[in-house]
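This report describes a structure for a first-year reader. Please look at the sequence and the model before reading on.

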2 protein chains.
Amino acid sequence: MENITENIRQQMRKGLIEYCILLTLSKEEAYASTILDKLKNAGMTIVEGTLYPLLIRQKNQGLLTYRWEESTQGPPRKYYAITDKGRQQLDEMENIWKEITNSINILENGKD
Amino acid sequence: MENITENIRQQMRKGLIEYCILLTLSKEEAYASTILDKLKNAGMTIVEGTLYPLLIRQKNQGLLTYRWEESTQGPPRKYYAITDKGRQQLDEMENIWKEITNSINILENGKD
DNA sequence: ATTCAGTACCTTGTACGGCAAAGTACTAAA
DNA sequence: TTTAGTACTTTGCCGTACAAGGTACTGAAT
């Protein structure tokens, strides 16, 4: 906890990561490394130890499915795809996200 | 944890609450009940058990100061005000917030 | 054959934040 | 001297993200 700024960033991101994963998979199916790359490119860098448990959790909740695919360059990959239930929850998350950004806007603009 | 939607909302808000408190106090000093009201009006309802420890933490970090003020209707109130250090951190938080909303936008629009 | 490097997936333990719930204490009115 | 209202505080729990380490598959080099 030496780096205060990084801690703030981490705390603010908490809870958004599942949303980001669903968002990413709503565009197209992907396996872990691809997801990590896409999040990184969007400026939302996370690590393996964060991603894998989340994918498993979301799969167990029925938000995702996966299929194995052989790779020419290493072990087989787990390709995850979003389910209908996952899209429903994504919709809900988008609504919540809008509410939150709206709340922050109100507080920033000092309307009270 | 029965209500999944509420849990999502709660998790997404985590880490933003300190930012909201600093934002609120950057407009004018206030005591706990006023802060709770303002957050509630902005759609960011939190409870006493969340707010008080946060105020104490931010005060201990030098982000806030407080003064006691007598009340005509009950016990004295602790009026909190933001410090220069608090404003610096608020600036940092605003930057991080912009980065995060930008990341979400990128993921929403599927630019990768 | 065996080692090595690269890739991919998984697990354990820890730190931290927010909240529910309960407690303390001050004031004024009944 | 109770009671109701207000205000501040604390304890214990749960969920999340991460650091760190581990397992296992593949192909190339030795």
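## Two helices of chain B

Ala32(B), Ile35(B) and Leu36(B) of α3(B) meet Glu48(B), Leu51(B), Tyr52(B) and Leu55(B) of α4(B). Two residues are in contact if their C-beta atoms, placed from the backbone, lie within 7 Å. Helices (H or I, at least four residues) and strands (E, at least two) are DSSP runs, numbered from the N terminus. The structure is a predicted model: local features need pLDDT of at least 70, side-chain atom pairs count only at pLDDT 80 or more, and totals for chains, interfaces and linings use all residues. Residues are numbered from 1 along each chain as its sequence is written, while chains are lettered from A and ligands numbered from 1 in the order in which they are written.

The axes of α3(B) and α4(B) come within 11 Å and cross at roughly 120°. Axes are lines fitted to C-alpha atoms, for helices over the stretch in contact, and angles run from 0 to 180 degrees between N-to-C directions. α3(B) and α4(B) are therefore oblique to each other; angles under 35 degrees count as roughly parallel, over 145 as roughly antiparallel, 65 to 115 as roughly perpendicular and the rest as oblique.

## Classes of residues

The table gives the make-up of three sets of residues. Ala, Val, Leu, Ile, Met, Phe, Trp, Tyr, Cys and Pro count as nonpolar, Asp, Glu, Lys and Arg as charged, and the others, Gly among them, as polar.

| Set | Nonpolar | Polar | Charged |
|---|---|---|---|
| Contact of α3(B) with α4(B) | 6 residues | no residues | 1 residue |
| Side of chain B that touches chain A | 14 residues | 10 residues | 9 residues |
| Surface near DNA strand D | 13 residues | 11 residues | 6 residues |

## The two chains

In the pairing of the chains, 33 residues of chain B are in contact with 33 residues of chain A. On the side of chain B that touches chain A, α5(B) gives the largest share, 13 residues.

A turn of 180° and a shift of 0.0 Å along the axis lay chain B on chain A with an RMSD of 0.1 Å. The two copies are thus related as by a two-fold rotation axis. Copies are superposed by least squares on the C-alpha atoms of residues with pLDDT of at least 70 in both. Of the residues of chain B, Lys14(B) comes closest to the rotation axis, at 3.4 Å (C-alpha).

## The DNA

DNA strand D is surrounded by 30 residues, and the closest are Ile17(A), Gly49(A), Thr50(A), Ala32(B) and Lys78(B). A residue is near a strand if its C-beta atom, placed from the backbone, lies within 6 Å of it.
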